[in-house]
Amino acid sequence: MEKIRIITDTASDIDIAEANNYDISLLPLSITFNGKTYKEQYDLTKEEYWEVLNTCDEIPMTAQIPPQGFLDEYERCFKEGYNKIIVVTINGTASGTFNSANLAADMFFEKYPDSVEFKFIDSKLYTALYGKPILDGARLIKEGKSFSEVFEFLDSKISKMKAYAYMTTLKFAKKSGRISILSAIVGDALGLKPIMQIYDRKVEVISKTRGEKAAIAKTVELVKGDIVNPEAQDIILVHGCNSEEVLKKIEDELNDKVKPKGIIRWKLGGCITTNTGPETIGILFEGN
């Protein structure tokens with residue numbers, strides 16, 4: 001009999017409560033600042049981290065999950081009777097977490113040969129772009145779908161996910177070294193909001209707008225041009241400590257221009273906000 005478990009990392013921005021509800025193993029990345037290291041979400045909530053970013057002089061450091069972290073979880077799952085494991089991680093070119101997951105499997109098989117069947121997915125993505133498909137995949141497990149059906153669903157769904165996002169300020173990109181100090185000073189003085197396209201390992205600035213109203217309009221316009229069957233899918237609005245007024249404006253614009261089946265709000269964690277700031281906005285969807 002198949003007993004299936006999905007294992008992922010906190011860079012998916014799945015909340016602990018949701019992971020527990022859907023029997024998902026959620027392994028934490030670590031965040032270090034002021035000489036102390038914290039386990040993302042477990043020691044430091046998303047809201048607490050947003051406050052850290054707004055008050056900390058230096059940019060915090062995030063670190064991948066080491067192989068031992070995965071090995072401990074593989075052994076725990078095996079002892080609880082799981083014989084099929086699907087591991088989905090953050091973009092493997094941006095983090096060593098995917099490599100850690102594979103190395104841990106080799107270590108596991110040295111102790112327990114031929115005991116568990118593993119499938120690995122490098123999402124090539126960030127945050128809810130793979131977090132939401134994981135929740136959907138976990139629902140399929142609860143419905144009694146097979147190991148191969150769940151894996152194929154996840155592999156296909158994640159490959160179609162795309163996002164457009166914008167930064168409300170450039171100071172965090174400056175701190176993290178993503179852009180030059182001069183560019184950040186000039187950009188902030190002009191009220192520029194860079195709009196990024198995110199999919200298949202790529203994070204590219206494709207447009208710059210002046211002011212939040214223009215950033216919202218342009219981002220929604222880009223989503224409208226790329227989304228597939230909006231009436232049949234839920235759009236995901238990822239955000240940090242943005243005001244309710246801003247979030248409502250974006251939802252109204254999406255409902256007016258894109259007309260999705262629904263809109264789900266999703267809080268951003270440390271992986272994205274460390275480099276782009278705690279007021280970053282993203283619209284995630286299944287695209288062309």
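Two strands count as paired when DSSP finds at least two bridges between them. With that in hand, the sheets of this predicted model can be walked through one at a time.

Start with the parallel sheet. Four strands make up an open sheet, running in the order E2-E1-E6-E7, and their pairing is parallel. Strand E2, residues 24–27, sits at one edge, and strand E7, residues 117–122, is the other edge strand; each of them has a partner on one side only. Going from one strand to the next, the sheet twists by 20° on average. Within this sheet, strand E1 covers residues 4–9 and is joined to E6 by 4 bridges in the parallel sense. At the level of single residues, Ile7 faces Val87 of E6 as its opposite number. In general, strands of a sheet are held in pairs by backbone hydrogen bonds, and the pairing can be parallel or antiparallel.

What follows E6 is also worth a look. Strand E6 spans 84–89 and helix H4 spans 97–111, and Ile90 belongs to the loop between the two. Is this loop residue, Ile90, buried or exposed? Ile90 counts as buried because its relative accessible area is 3%, which is under the 20% cut-off. Ile90 also comes within 7.9 Å of Tyr130, C-alpha to C-alpha, although 40 residues separate the pair in sequence.

The antiparallel sheet comes next. Here 3 strands, ordered E4-E3-E5, form an open sheet with antiparallel pairing. Its edge strands are E4 (36–39) and E5 (61–63), and each of these pairs on one side only. The average twist from one strand to the next comes to 25°. Strand E3 takes in residues 30–33 and runs antiparallel to E4, with 4 bridges joining them. Two of the facing positions can be named: Thr32 lies opposite Thr37 of E4, and Phe33 lies opposite Lys36 of E4. The hairpin of E3 and E4 leaves 2 residues between the strands, and in that hairpin Asn34 adopts a positive phi near 50°.

As for empty space inside the model, there is 1 cavity of 30 Å³ or more. The largest cavity encloses about 30 Å³. Which residues line the largest cavity? Its lining consists of Ile31, Glu40, Gln41, Leu44, Thr45, Lys46, Tyr49, Gly269 and Gly270. By class, that lining splits into 3 nonpolar, 4 polar and 2 charged residues.

Finally, the cysteines. A disulfide is a covalent bond linking the sulfur atoms of two cysteines. How many disulfides does the count give? The count is 0. Cys56, for one, is in no disulfide, and the nearest cysteine sulfur to it belongs to Cys241, 15 Å away. That is too far to qualify, because a disulfide requires two cysteine sulfur atoms within 2.5 Å. Cys56 is nonetheless buried, at 11% relative accessibility. Cys77 is buried too, and its relative accessible area is 0%.

How values were computed. Residues numbered from 1 in each chain as written. Predicted model: local features only at pLDDT ≥ 70, side-chain atom pairs only at ≥ 80, totals over all residues. Heavy atoms only, no water. 1 Å grid on protein atoms, 1.4 Å probe; cavity = no way out; pocket = protein on both sides within 12 Å on 5 of 7 lines; lining within 4 Å. Points joined across faces, edges and corners; volume = space filled by probe spheres on them. Nonpolar A, V, L, I, M, F, W, Y, C, P; charged D, E, K, R; others polar. Axes fitted to C-alpha atoms, helices over the stretch in contact; angles between N-to-C directions. Buried < 20%, exposed > 50% of the residue type's maximum accessible area, 1.4 Å probe, protein only.
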